[in-house]
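Visitor: I am new to reading protein structures. Could you show me one and explain how its terms are used?

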Amino acid sequence: MTSASSESVAVSAALVVFGATGDLAHRKLYPALASLAERGKLPRRLVVVGVSRTLMSDEDFATEVRNSIAKASNGDAEGRQNVLDQRGAQYHYIAGSFDADDTFRRLGEVLAACDAQYGTSGNALYYFATIPQLFGPVAAGLGRAGLADESEGHFRRIVVEKPFGRDLQSSRQLDAQLHEYFREHQIYRIDHYLAKETVQNILALRFTNTIFEPIWNRRYVDHVQITVAEDLGVEHRGTFYEQSGALRDILQNHLLQVLALTAMEPPASFDANAIRDEKVKALRSVRPLDSAELGRVVVRGQYTRGEIGGIEVPGYREEEGVSPQSNVETYLALELDVDNWRWAGVPFYVRTGKRLPHRVTEVALRYKQVPFLPLPSSAVDSVEPNTMVMHIQPDEGITLEFAAKVPGASFRVRGVALDFRYRLAFAEQPPEAYERVLGDAFLGDATLFIRGDEVDQAWRIVQPLIDAFDAGTVPLSFYPAGSWGPKEADDLLAQSYGDTWRAP
Ligand code: BG6
């Protein structure tokens, strides 16, 4: 997943941040620019253009960028805050509304002046760090002002944050709005999970080794478990989360992306489109959820007051910005089937939740039991089926669990594990997700971004759930904060499958 280009330095360009004074820009984007600068990966000349409603001078904007870099620094705040200036970065700021053509006309003037003064040559990366409702209007404003045009050989790219739409229909509408002025190769849809080293390592593990691929299919794998667990609650994002729930916040994007990488066929190359073609095929193979079956294959939960790490935490309905009667799910578990030659008959059990005991994301392939065990059961101590676990985060790594003989005169076996840990094998610190995302977008490497047809397939998979949740046909269960989710989620595996969730 590292194209040859990701080792080079991007050509001079302007980074235009819509929502320049917002939380995302401050917490993620400006610090990511500083990290890129430190690694020598900034475009040769960089102009940062902030666009937002707040009135501010260019110099005030530059100070805001420096301050957020300093704030995000681990230790050397003073040394780090000027790292962009040392690399010759320039700052401009435009105060204006995102639905006024005048804002985009002024932006055009600023960009033209930067081309002349700093040699940015018309290259621009437009980062949509705004609320999602503004993605369409901003793209249209850019288009009407002629700022989407690449006909003179420069690049004009838009980087779009999640959520991409609220359902299948609104996602298609947004896609049509973006495509009115931008072509698919100009659109970079973010899923920050794809920028995680260990998510990319799923491809390295599967397709650059001989030993795993032959056992990565229905002949050997019994079922797959994917867990995205967080100990955090909704924090200060209650109002947002009320509109989103675990379904839109994690399942539709991060979780299905991890599933696609786990289930996909080998790509012809590690080129962006070759990989994305295979991911789309995998998502397309996910069997449409049958509304009559949802009661059996889906569990929705919401956390109540509980304890995490010895600290008492409020229930979801007590969180700021959340309705005291809210029926929004903070936990989801479901069974998905992938109908193709590789996976037919191998269920994928996926779960995600907030306020679970600890933060962990992992993919576990549970292998089939041996056809016959030539030992009495009394000689077998706690042997689980062979399991391959890809630890996405934290403590990134891979574990292979199998049985071994317990030393001694009698023949007894017990479960043991082979463990690979990134932090022990590699000295380098991987880039933070947003650093990677921005760096790749400057370079034009779309591998870690989601193509339009992928988003469409992901919404197709979750749309029956949206409809059923809206209609209130899938009951909400409750779980105390600090537990592993509602009891019904254990029943899901036990009843349909006679197995249990792995303890991550
Ligand atoms: C975001 C969700 O996309 O991903 C958050 O909106 C969630 O609710 C976050 O906490 C999890 O990301 P990470 O990188 O911490 O696993």
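Guide: Here are some questions about the ligand, the spaces and the confidence, each answered with a definition. This is a predicted model, in which local features need pLDDT of at least 70, side-chain atom pairs count only at pLDDT 80 or more, and totals for chains, interfaces and linings use all residues. Residues are numbered from 1 along each chain as its sequence is written, and side-chain values use heavy atoms, with hydrogens and water left out.

Visitor: What makes a residue one of those around the ligand?

Guide: A residue is near a molecule if one of its heavy atoms lies within 4 Å of it. Lys162, Tyr193, Arg237 and His254 are among the residues around the ligand, so they meet that cut-off.

Visitor: Why is the pair formed by Tyr193 and the ligand called a polar contact?

Guide: A polar contact is a pair of N or O atoms within 3.5 Å. A polar side-chain atom of Tyr193 lies 2.9 Å from a ligand oxygen, so this pair fits the definition. Arg237 has such an atom 2.8 Å from an oxygen of the ligand, and for an N or O atom in the His254 side chain the distance is 2.7 Å. The protein covers 81% of the 390 Å² of accessible area that the ligand has on its own (Shrake-Rupley method, 1.4 Å probe).

Visitor: What makes a space a cavity and not a pocket?

Guide: On a 1 Å grid over the protein atoms alone, a 1.4 Å probe fits in a cavity but cannot get out, while a pocket is an open set with protein on both sides within 12 Å along at least five of seven lines. The search finds two cavities of 30 Å³ or more, and the largest cavity holds about 140 Å³. Its lining (residues with an atom within 4 Å of a point) has 16 residues, including Phe164 and Ile190. The second largest pocket has a volume of about 320 Å³.

Visitor: How do you know how confident the predictor is?

Guide: pLDDT gives its confidence in each residue, from 0 to 100. The protein averages 93, and 98% of the residues score at least 70. Over residues 1-6, however, the pLDDT is below 50.

Terms used. A polar contact is a pair of N or O atoms within 3.5 Å; within protein, one must be able to donate a hydrogen and the other to accept it, and residues adjacent in sequence count only if both atoms are side-chain atoms. Grid points are joined across faces, edges and corners, and a volume is the space filled by probe spheres set on the points. Contact means heavy atoms within 4.5 Å.
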